[in-house]
Amino acid sequence: MSTNTQTNRIHLVKMITDDGGEKYENPTWHFVQHIGDSPRTLCGGEVFGEGEGRAEYEEKWVDRGGINCKQCLQIIKRIKAIRL
Ligand SMILES: [Zn+2]
């Protein structure tokens, strides 16, 4: 498990470059999902973190809001619309 996991807060990541060191044009904040040991972006499943290639990124933990990746927001809205 990641040592900087903060429970009950939303984990966000902004990918600055991809694995190949290529810069993203308009970096946005993605929702991070934790699957196994590897955190990854919700929309693209892009894995990041120590030992996961050389992508540059920023992370933050928030109580709410902050996501401005359109794909992530769309996925979250669709999930919230599911009636259980
Ligand atoms: Zn995203």
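## Fold at a glance

Following the chain from its N terminus, you meet the pattern β-β-β-β-α. In total that makes four strands and one helix. With a radius of gyration of 13 Å, close to the 12 Å that the globule rule gives for 84 residues, the chain is as compact as a globular protein of that length. Please keep in mind that this is a predicted model.

## Dimensions and contacts

Along the principal axes, the C-alpha trace extends over about 40 × 30 × 20 Å. Of the 84 residues, 15% count as buried.

Let us turn to how the sequence folds back on itself. Among contacts with a separation of 6 or more, 60% join residues that are 24 or more positions apart.

## The nonpolar core

In soluble globular proteins, nonpolar side chains tend to be buried together. Here, the largest nonpolar core has ten residues. Its members are Leu 12, Val 13, Met 15, Trp 29, Val 32, Leu 42, Phe 48, Tyr 57, Cys 69 and Cys 72. Two strands, S1 (residues 10-15) and S2 (residues 29-35), each contribute at least two residues to this core. The most comes from S1, which provides three residues.

## A closer look at Cys 69

Cys 69 is one of the core residues, and its surroundings are worth a visit. Which residues is Cys 69 in contact with, leaving aside its neighbours within four places in sequence? They are Thr 28, Trp 29, His 30 and Cys 43. One of these partners, Trp 29, belongs to the largest nonpolar core as well.

Notes. Residues numbered from 1 in each chain as written. Predicted model: local features only at pLDDT ≥ 70, side-chain atom pairs only at ≥ 80, totals over all residues. Rg over C-alpha atoms; globule rule 2.2 N^0.38 Å. Buried ≥ 20, exposed ≤ 12 C-beta atoms within 10 Å, placed from the backbone. Contact = placed C-beta atoms within 7 Å. Core = buried A, V, L, I, M, F, W, Y, C linked by C-beta atoms within 7 Å.
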